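Hi everyone, thanks for having me. Let's walk through one structure together, piece by piece, so have it up in front of you.

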Amino acid sequence: MYLSIGGDMAVRTSSILGIFDLDNTTTSKHTRAFLHQAEELGQVVSATDDLPKAFVLTSEYGLPRVYLTQLNAATLEKRLLANRNP
């Protein structure tokens, strides 16, 4: 199954490691360092032209990806749970 993350993008639900709210998580220096390193390594994919509200961390075939999305984390979580419990 796939989770729509906005911007005509979707990620495989089995590859999702976590969904994180940017406002809450970027207060930590560790999260900021992680996102900065991911961007330097080319692992960040933007699913929005607007200001992102959340990021989805995935790992597919051992390759980590960080998807920035304009949807908030609660909305993504509801979509994910709705896909798992039809």
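Before anything else, a word you'll hear a lot: "buried" means under 20% relative accessible area, "exposed" means over 50%, and "partly exposed" is in between, using a 1.4 Å probe and protein chains only. Also, helices (H or I, at least four residues) and strands (E, at least two) are DSSP runs, numbered from the N terminus.

And some small print. This is a predicted model, where local features need pLDDT of at least 70 and side-chain atom pairs count only at pLDDT 80 or more, while totals for chains, interfaces and linings use all residues. Residues are numbered from 1 along each chain as its sequence is written, and side-chain values use heavy atoms, with hydrogens and water left out.

Okay, the sheet. In what order do its four strands come? The order is β3-β5-β6-β4, in an open sheet with mixed pairing. Strands count as a pair if DSSP finds at least two bridges between them. The edges belong to β3 (16-21) and β4, and each has a single partner strand, so one side of each has no neighbour in the sheet. On average, neighbouring strands here are turned by 20 degrees against each other, ignoring direction.

If pairing is new to you: strands of a sheet pair through backbone hydrogen bonds, either parallel or antiparallel. Let's go across. β3 and β5 run antiparallel and are joined by five bridges, and on that seam you can find Phe20 opposite Phe55 in β5. Next, β5 and β6 are antiparallel too, paired over seven bridges; there, Ala54 has Thr69 in β6 as its bridge partner. These two strands, β5 and β6, make a hairpin with two residues between them, and Tyr61 in the turn has a positive phi of about 60 degrees. Last seam: β4 and β6 run parallel, with three bridges, and Val45 stands opposite Tyr67 in β6.

How many residues of β5 are buried? Five of its seven, so we can call β5 mostly covered.

Now the helices, beginning with α2. Its twelve residues, 29-40, should span 16 Å at 1.5 Å a residue, and the end C-alpha atoms are indeed 16 Å apart. The expected span, by the way, is 1.5 Å times one less than the number of residues.

Which residues of α2 are buried? Thr31, Leu35 and Ala38 are. They sit on the same side of α2, because they cover an arc of only 60 degrees around the axis. That arc is taken from the directions from the helix axis to the C-beta atoms. Flip to the face turned away from the buried side, and you meet the exposed residues Lys29, His30 and Glu40.

And what covers those buried residues of α2? The cover includes α1 (22-25), β4 (44-46), β5 (54-60) and β6 (63-69). Contact here means heavy atoms within 4.5 Å. As for how α2 is placed, it lies across β4, β5 and β6, at about 60 degrees to β5. For angles like that, axes are lines fitted to C-alpha atoms, for helices over the stretch in contact, and the angles run from 0 to 180 degrees between N-to-C directions.

Zoom in on Thr31 for a second. Thr31 is buried, at a relative accessible area of 18%. Leaving out residues up to four places away in sequence, Thr31 touches Thr25, Thr26 and Phe55. Its side chain also reaches the backbone oxygen of Thr25 at 3.2 Å. That's a polar contact: a pair of N or O atoms within 3.5 Å, where within protein one must be able to donate a hydrogen and the other to accept it, and residues adjacent in sequence count only if both atoms are side-chain atoms.

On to α3, residues 73-84, which lies across β3, β5 and β6 at about 145 degrees to β3. In α3, the buried residues are Ala73, Leu76 and Leu80. Looking down the axis of α3, they fall within an arc of 65 degrees, so they line one face of the helix. Their cover includes β1, β3, β5 and β6.

One last stop: Ser4, in strand β1 (residues 2-6). Ser4 is partly exposed, at 38% relative accessible area. Beyond its neighbours within four places in sequence, Ser4 is in contact with residues including Leu76 and Arg79.

That's my tour, thanks!
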